Amino acid sequence: LNDANMAKEKAAADLAKAKSLLQQAQAADKGQFDPQVIEWVHQASALAPEDAEIKAYMEKVAAYARTLRVPGDFPTPAEALAKAHDRDRIIIAAGTWEGPLFINASVDLQGAGAETTLIQCAAQTGNVITLGPQAKGTRISGFTFKHLSFDAGEERFSAALVRGVDAEFTGCRFSDASGHGLAVIEGGHAVVSRCRF
């Protein structure tokens, strides 16, 4: 009987703490990604995993998009993409950046313009940029994708590869590709506007 009472008291204390954390998160929530709000909601969820109000709020804040800046938040595009979640916006500053890049989340990838933001890699290294199976709905704008060399092999890499997802390219340039400028395979689909090949 004593153990049962102690368990009930602990559950009640955990729920009270979880509700307090939820209130803190709701008070600080500005409708956009905030790591502190996310942390409070995660803590609340750990204390009261079955609470419907906390579950619903967790879903709401998980949907907030973040803006990741290169080089501000991450030193390279590859590092930003490795940490990206669905709906994140990644802004890449003007400059020359090394590929190959791999996108496996539904993101909005923005360069400063095809004339000023260049992603490049050697042709033997791979596709300059590849959109993988989790990149559905990715939007890419304002880049030049370029191979630095030519690979005479039979299986040559493309400047950009879309694998089995829908993607959109706007205001991009595909230059000096060893293989195709843009290849879309595995039932993928790409909308390409104001781009140069």
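Serine 158 makes contact (heavy atoms within 4.5 Å) with Gly126, Asn127, Val128, His147, Gly179, His180 and Ala183, leaving out residues up to four places away in sequence. The residue sits in the loop that links strand S9 (144-147) to strand S10 (160-163); helices (H or I, at least four residues) and strands (E, at least two) are DSSP runs, numbered from the N terminus. With a relative accessible area of 5%, serine 158 is buried, where buried means under 20% relative accessible area, exposed over 50%, and partly exposed in between (1.4 Å probe, protein chains only).

A word on the model helps before going further. The structure is a predicted model, in which local features need pLDDT of at least 70 and side-chain atom pairs count only at pLDDT 80 or more, while totals for chains, interfaces and linings use all residues. Residues are numbered from 1 along each chain as its sequence is written, and side-chain values use heavy atoms, with hydrogens and water left out. The average pLDDT (the predictor's confidence in each residue, from 0 to 100) is 91 for the protein, and 99% of the residues score at least 70. Among the elements of the protein, the highest mean pLDDT, 98, belongs to strand S7 (residues 129-131), and the lowest, 86, to helix H3 (residues 52-62).

Histidine 147, one of the residues touched by serine 158, belongs to strand S9. Histidine 147 is likewise buried, at 2% relative accessibility. Its side chain takes part in polar contacts, defined as pairs of N or O atoms within 3.5 Å; within protein, one must be able to donate a hydrogen and the other to accept it, and residues adjacent in sequence count only if both atoms are side-chain atoms. One such contact joins the side chain of histidine 147 to the backbone oxygen of glycine 126 at 2.9 Å. Another runs from the histidine 147 side chain to the backbone nitrogen of serine 178, also at 2.9 Å. Glycine 126 thus appears twice in this picture, as a partner of the histidine 147 side chain and as a contact of serine 158.

Turning to the helices, two packed helices are described by the angle between their axes and the distance between the axes. Helix H1 (residues 2-28) packs with H3 at an angle of about 35 degrees, and their axes are 11 Å apart. Here axes are lines fitted to C-alpha atoms, for helices over the stretch in contact, and angles run from 0 to 180 degrees between N-to-C directions. The H1 and H3 crossing is left-handed, that is, the near helix is turned anticlockwise from the far one by less than a right angle, clockwise being right-handed. On the H1 side, Ala18, Lys19, Leu22, Ala25 and Gln26 meet Glu53, Ile54 and Tyr57 of H3. By class, this contact has five nonpolar, one polar and two charged residues; Ala, Val, Leu, Ile, Met, Phe, Trp, Tyr, Cys and Pro count as nonpolar, Asp, Glu, Lys and Arg as charged, and the others, Gly among them, as polar. Alanine 25 of H1 also has its C-alpha atom 7.8 Å from that of glutamine 36, eleven residues apart along the chain. Glutamine 36 is placed in helix H2 (residues 35-47) and is partly exposed, at 38% relative accessibility.

Several backbone features are found in loops. The peptide bond from valine 70 to proline 71 is cis, with omega near 15 degrees, and proline 71 lies in the loop between strand S1 (67-70) and helix H4 (77-83). A cis peptide bond also joins glycine 99 and proline 100, with omega about 0 degrees; the loop holding proline 100 lies between strand S3 (95-98) and strand S4 (101-103). Arginine 87, a residue other than glycine, has a positive phi near 75 degrees. Arginine 87 is in the loop between H4 and strand S2 (89-92) and is partly exposed, with a relative accessible area of 46%. Aspartate 176 has a positive phi of about 55 degrees and occurs in the loop between strand S12 (173-175) and strand S13 (182-185).

Proline 100 returns as a contact of threonine 125, together with Phe157, when neighbours within four places in sequence are set aside. Threonine 125 is in the loop between strand S6 (117-121) and S7, partly exposed with a relative accessible area of 46%.
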